[in-house]
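Colleague: I am new to this structure and should be grateful for a close look at a single part of it. Please describe one helix in detail, with its surroundings.

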Amino acid sequence: MSSALITKSALTAATRVAPRVPLMRRGFASAAPVTGTSRSHRIVMVGGGAAGLSISHQLLRTGKFSPDEIAVIDPAQHHHYQPGWTLVGGGLKDALSLRRDEASLMDPKLKFYNQAVSQLSPETDSVTLSNGDKIGYEHLIVVPGIEITYDKIKGLPEALADPSAPVSTIYGAHTVSKVFPTIEKLKKGQAIFTQPAGVIKCAGAPQKVMWMALDHWKKAGLYNPSSPASGAIQIAFATALPVMFGVPKYAARLEELRKERGVEGLFGHDLVEVNGTKAVFAKGEEKVTREFDLLHVVPKMGPYAFVKNSSVADAAGFVDVHQATTQHTKFRNVWSAGDASSLPTSKTAAAVTAQAPILVENLLRTLEGKEVVEEYDGYTSCPLVTEYGKVMLAEFKYAGVPKETFGGLPVVGGALDQGTPRRAFYHLKKDFFPWVYFNAMVKGTWAGPKGWKF
């Protein structure tokens with residue numbers, strides 16, 4: 001049966017594991033609200049980022065929801081195409097070109113609450129806003145992304161805020177524009193690029209900016225890949241990981257590049273403090289201090305407190321969902337995708353393109369009293385910029401198994417290998433992906449490797 005004809009009792013049976021306060025389908029002004037809740041919606045979306053906008057618009061495009069039946073909650077005034085920040089760091093884009101007003105990206109049929117969330121209460125099907133208002137829902141989609149916690153590294157906030165300090169990061173709308181000027185300014189000395197322990201947005205981004213900086217310095221005659229010690233600048237990649245990348249195929253290729261280009265590998269090094277021109281790393285039980293003349297830092301990241309402290313979270317603080325369905329493991333009317341979810345795959349916008357259609361399909365199936373389908377295989381992608389003009393297009397699924405869109409296609413000399421950096425992939429990263437993001441993905445009409453959705 002259609003979602004418009006679902007009865008309260010059928011909806012309750014189909015979407016909950018515990019008794020719930022009943023909600024009427026339409027006419028919220030006359031509906032009996034959830035106790036203590038001022039407004040209610042069929043769908044409440046916590047987060048208006050890549051996942052929130054993609055999913056809300058895909059739901060809206062089904063034609064099964066009336067105006068204001070889907071609500072989006074997000075405190076942001078601006079929406080940023082965050083994958084493009086690596087391009088800003090490499091001097092290829094301007095940060096403002098990757099920014100839009102948040103409200104301008106939303107269909108007017110969506111109800112937009114431009115506020116923060118202070119509490120999730122799945123036991124009562126409600127969300128509390130920062131101003132104290134409560135919003136009720138029939139289904140909750142938790143997609144706020146993850147929080148960048150600069151202060152988890154001692155001295156980092158102060159160094160980033162100091163315009164004279166040679167410390168920068170692509171991770172932040174307020175910090176990314178400092179990166180390339182810092183790279184241009186360096187004429188000699190030690191450059192260090194870091195990657196922390198724990199979950200971060202796009203695990204390949206920490207080295208993308210390094211490869212572009214290396215290329216910039218090489219073209220300026222400041223870096224000699226064949227004999228780094230003879231050049232004016234030396235480069236080190238300090239990562240908390242034991243390898244260059246988490247997927248074996250691409251890790252091996254990136255390790256080859258690191259050695260070919262003379263980059264020092266500081267593996268198992270997790271930055272814990274910035275003190276002047278000294279970087280302090282935790283390496284096992286010991287502390288290691290390195291002097292630098294340029295430091296590009298990837299901050300620590302993690303779930304927002306209102307997610308971590310709620311009953312929708314797993315032990316690590318992420319929304320605890322089934323990895324093949326995106327449905328919560330306990331609350332059947334709670335869903336998640338993207339960075340905030342527990343889905344064990346790399347946290348990228350590309351992952352959202354694969355997760356969003358499955359979440360939408362399964363939510364609609366639940367509304368219709370049908371069983372969910374187990375379709376998400378962990379697909380994600382990381383277009384690794386290895387120099388100006390070339391990208392290694394890493395695509396993989398759960399367990400780090402490659403799942404390549406173009407791999408094996410016939411090319412001159414044999415079959416296409418996505419582990420080999422190519423100019424065509426560079427133009428996908430630099431030109432096509434930013435365009436398709438704002439023109440299709442956030443509008444609910446782009447599904448990544450599966451193409452357009454109409």
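Modeller: The face of helix H7 that is turned away from its buried side carries Pro248, Lys259 and Glu260, which are exposed. This is read from a predicted model. On the buried side of H7 are Tyr250, Ala251, Leu254, Glu255, Leu257 and Arg258. Viewed down the helix axis, these buried residues fall within an arc of 160 degrees, so they line one face of H7.

The partners of that face come from several elements. One helix, H6 (205-219), packs against the buried residues of H7. Strand E13 (264-267) also packs against them, as do strand E20 (380-387), strand E21 (390-397) and strand E22 (401-402).

The length of the helix can be checked as well. H7 comprises 13 residues, from 248 to 260. The expected span is 1.5 Å times one less than the number of residues, and H7 should therefore span 18 Å. Its end C-alpha atoms are 18 Å apart, which agrees with that expectation.

After H7 comes glycine 262, whose phi is positive, near 75 degrees.

To summarise the helix, one side holds buried residues, among them Tyr250 and Leu254, while the face turned away from that side carries exposed residues, including Lys259. The buried residues pack against helix H6 and against strands E13, E20, E21 and E22.

Definitions and conventions
Residues numbered from 1 in each chain as written. Predicted model: local features only at pLDDT ≥ 70, side-chain atom pairs only at ≥ 80, totals over all residues. Heavy atoms only, no water. Helix = DSSP H or I, 4+ residues; strand = E, 2+ residues; numbered from the N terminus. Buried < 20%, exposed > 50% of the residue type's maximum accessible area, 1.4 Å probe, protein only. Arc of directions from axis to C-beta. Contact = heavy atoms within 4.5 Å.
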